[in-house]
Amino acid sequence: MMRSVLAMATGTILLALLAAGPVAAQDKPPLTVGAIYVGSVNDYGYNRSMKDGLEEMKKNIPGLKLIEAENVPETAESERVMEGMIQQGAKLIFATSFGHQQFAFNLAKTHPDVYFEHAGGWMQAPNFGNFFGATQSAWYPMGVAAGKMTKTNTLGFVVGVPIGYAIGNVNAFEMGARSVNPKAETRVVVTGGWSDKAKEAAAANALMDQGADVVTMHVDSPATIIQAAESREKYSIGFQSIEARQLAPKYWITGLGFTWGPFMTETAKSVMNGTFKPAMVREGLGQMMAVAPFGAGVSPDVQKLVTASADQVEHGFNPFTGPVTDNAGAVRIPAGQSWGGEKMGDFDWYVEGVIGKAK
Amino acid sequence: MNFALAVGVVAGSILSGTSLLYATLGELVGERAGIVNLGLEGLMLIGAASGFAATALTGSPYLGIAAAAAAGVSVNLIFAYLVVTRHANQLATGLALMFFGIGLSALIGRPFVGALITGLPRLAVPGLEPGSVGARLLSYDVLVYLAVPAALATWWLIFRTRWGLGLRTVGENPAAAFAAGLRPQSLQYQALMFAGAFGGIAGAHMSLALTLTWDEGMTAGRGFIAIALVIFAKWNPLLAVVGALLFGGAEGLQLQLQAAGADVSPFIMNMTPYLLTLLVLILWGWRRQFAAPAMLGRSFVGVE
C-alpha cells in the first residue's frame, strides 16, 4: 500500500515537472516516444532492461526524442502521466509494466493518432499492441548451467509471486538441469511480492541453508539475492537485466536478460512510416531474450554446453514436450503433445525434481 | 525438523530480529516519556536511505550507521517540536511523519538506486571453518552483536538511573514530575532524540547488512511491527529482545519451511507473521496486563 502511495506521489511530481518543462526550441524531432517505468531504471532488473532497450532505439533513430517517467504506479495515475507525454507530442508510448495495460488502453481509445505498446498484456486495438519475452523455454539453458555447476545437486529459486509464467520458468530451469544432471533438484521459496528486498535476502539464505549452491530468482530486481549468494560464496544466475553480473564478481555463472532494443526500434520506425500493425508479440532467445556473459568460474566446457542448449532453444526446441511429469508423479503433458505460447500462463504445478508447492 | 532448518531459523531470526529490536527500543523509550510515534516506519526508511547513501559516498558502512543515527535524530527533533513544543496530536503527527519519511527517503535514496556498496562486514568468531554450521550461527555484523547489550543498557537507563526515573515519571504524571523540579519537555526531547537514533540505526541495519541495496519502501511495514512489539514487550526492553526474536523468527521460519519443502501452500506460509501478530494481540488483550505509561499519547501543556 505504502509503495503505491509513494509511487503515486512521485508520479504526480514527475507529471508536474513534465507539464512545467520548457518547450524545446530545437528542430522538430522525427518522432517523440514516451515511456513509463513502474520502478527505478537503476534496479539491475526489469526496468533497467526496458531502459536499455529504449536507449538502443534512441541511438538507432537519430533525432528521436524520448520522454521518460520512473516510478509510475499501476493506477489511474499512470494514465495522467501518459496523457502529459501525449500533450508534449509523444506519438508512441511504451507502457512497460503489466498493470499499466488498462490505463494505456483507455488512452488508446481517446487518442487514435497515438500508438501504444504494452509489455506483457493481451489487449488489442488498431493502435495498441503487446510484446514480451517468451521467457520459459529460455530458462532451460540456465538450468543446464546450474546443473553442471552444482556440487550439492541442490538449486535454489526465489519466486516473487507464483503466477503461471513464473512457475513455467522454474519448470524449464529444472528440466534443463536434469538434462545434464539427473540428480539435480530445485527448491523454491515464494516471498509473496515482486519487491521485498529483506525477505528476498532471507529467502536466499534459507535456500543456501538447505544446501543450495546455485541460487536464482524471478523477482523485479535480482540485486539483493545475487549479493546474498556472493557473500556466502555460492553461485548465482541472474534474470531480467544482463547487467546484473556486476553484482557478483566471483560467483556469477550466467543470466537471462531481456533485449528489447531491436523490437522497439522496429516499432518506432513503423510509426514513423505509418505501417504500425498491432500484434501480440512473444519472442524468446535470439530476439527478445539473451544469455548474459559467463562468470570467471565457468569452464569452457560448461560454456559450450550452455551456448549449445541456448542455440537449440533459439532454433525451436521446446522443453515442454510430453511426456512431462509433475512433482507428485502425475503426467501433465502426455507424450506427443507440447505446451507453448499462452499455455505458459497455465502452470499451476511444478515438474518432477522441483521441491515446492505451486498453490 | 531437520538440523539445517533449525540452524537457518535461529540465524535468520537473529538477522531479521536485529532491526526490529533497535526500532522497538527506540519507540519504547519515547513511549516511556509519554510520546507515541507512529512515524517509526518513515524514520526507519530515512535511516535506511541515509545510511545507504553515506556508505555509497564514503565507502564506510560505519559512517553509514552514524549518518543514519544522525538523520533519525534530526527527523525526530521535528516530531518533538510538533508534539512537545506545539502540542500537536501525536497520532496525527506520527502518521504525517510516516508519509514525510517515505517521501524524504525516496528523495535521499534516488541517486543511489543501483549503487554498489560493501555492506557491514561479518565479524566471525575466530577459528570457525567458512561455510560450516558454526560460521553460519556465529558470524554477524557489529549491529547484531551490539543489539542485546543495547537492550540491557536501555533497561539500565530506564530502571536504574535518575534520568530513567525522571523519564518514567514524565510518562506517568508530568505535572508531578514538574512539581519535583524536573523539566518534562526537555526529557521528552531527549527521549525522542534517543528514539530517533535507534530508529535510524534500525533502518540502516536493513540496507547495510541485509539487502545491500536501497529500494523505496523497503522496510515493508516492519516499523509498525516494532510499534506492536512495544506493546508485546510491555514497555520493558528485556522483553523486547524476546519479541524481536520471535517476530524475526516468524518470517524466517516460513521461508525456511518452504526451502525445506514443507507440504504447505506458500500463500498460507506468507501469512504466518501476521497471524502471529494477531494471536499475540488477542492473548495480551485477554490477559489485561497493560503497563502502558498513563500519559501515553497526551500532551503536557504545563501546570496552572
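Is Trp235(B) buried or exposed? I began my notes with this residue, keeping in mind that the model is predicted. I found that Trp235(B) is buried, with 21 other C-beta atoms within 10 Å, and since the cut-off for a buried residue is 20 or more such atoms, I entered it under that heading. I placed Trp235(B) in the loop between helix H10 (222-232) and H11 of chain B, and I noted that its phi is near 60°, a positive value in a residue other than glycine.

I then looked up Gln240(A), which lies in strand E9 (residues 235-240) of chain A and has a positive phi of about 100° although it is not a glycine. Gln240(A) is buried as well, with 27 other C-beta atoms within 10 Å. I wrote beside this that most residues other than glycine have a negative phi, and that most peptide bonds are trans. On the second point I recorded the bond from Gly322(A) to Pro323(A), which is cis, with omega near 0°; Pro323(A) sits in the loop between helix H10 (300-314) and strand E13 (324-325) of chain A.

Next I turned to the contact between the chains, which takes 36 residues from chain A and 34 residues from chain B. On the side of chain B that touches chain A, H11(B) gives the most, with seven residues, and the residues of that side divide into 16 nonpolar, 14 polar and four charged.

Last, I checked the domains of chain A, assigned as domain 1 (2-133) and domain 2 (135-257 + 291-355). Eight residues of domain 1 of chain A are in contact with 11 residues of domain 2 of chain A.

Key. Residues are numbered from 1 along each chain as its sequence is written. Chains are lettered from A and ligands numbered from 1 in the order in which they are written. This is a predicted model: local features need pLDDT of at least 70, side-chain atom pairs count only at pLDDT 80 or more; totals for chains, interfaces and linings use all residues. Domain bounds come from an automatic or database domain assignment. Two residues are in contact if their C-beta atoms, placed from the backbone, lie within 7 Å. Helices (H or I, at least four residues) and strands (E, at least two) are DSSP runs, numbered from the N terminus. Ala, Val, Leu, Ile, Met, Phe, Trp, Tyr, Cys and Pro count as nonpolar, Asp, Glu, Lys and Arg as charged, and the others, Gly among them, as polar. A residue is buried if 20 or more other C-beta atoms lie within 10 Å of its own, exposed if 12 or fewer, and partly exposed in between; C-beta atoms are placed from the backbone.
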